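Got your viewer open? Let's take a short walk along the chain, one selection after another.

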Amino acid sequence: MRAKSEGISEIALAGGVSANSELREVFTREAEKRKWKIFIPEIKYTTDNAAMIAITGYYKYLAGEMSGLDVVPVAKI
């Protein structure tokens, strides 16, 4: 396991995926087994950005702020 070979003993589970109950359970079990210190946020802090993007889109739609189908998305890096 990479964490062991790198000497990592503190693990954080974050973002929208941290709301997944099965993943939370697996991380907790593995932490106990491997003596990791883990950090998992409370469920109320595990919201996904998709909800924020959706509500922004909704309000832009209501305001009539829409682009044509010819617009090409470009990622900012």
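**First stop: A75**

Select A75: at 66% relative accessibility, this residue counts as exposed, because exposed means over 50% relative accessible area, buried under 20%, and partly exposed in between (1.4 Å probe, protein chains only). A75 sits in the segment after helix 3. Now add K35, 40 residues away along the chain: the two C-alpha atoms are 40 Å apart.

Before going on, know that this is a predicted model, where local features need pLDDT of at least 70, side-chain atom pairs count only at pLDDT 80 or more, and totals for chains, interfaces and linings use all residues. Residues are numbered from 1 along each chain as its sequence is written, and side-chain values use heavy atoms, with hydrogens and water left out.

**Colour by confidence**

pLDDT is the predictor's confidence in each residue, from 0 to 100. The chain averages 89, and 97% of the residues score at least 70. Among the elements, strand 2 (residues 37-39) has the highest mean, 96, and helix 1 (residues 2-5) the lowest, 80. Helices (H or I, at least four residues) and strands (E, at least two) are DSSP runs, numbered from the N terminus.

**Along helix 3**

Next, select residues 49-62, which form helix 3. How far apart are its end C-alpha atoms? They are 20 Å apart, which agrees with the 20 Å that 14 residues should span at 1.5 Å a residue (the expected span is 1.5 Å times one less than the number of residues).

Click Y58 in this helix: with a relative accessible area of 43%, Y58 is partly exposed. Last, pick G64, which follows helix 3 and has a positive phi, near 75°.
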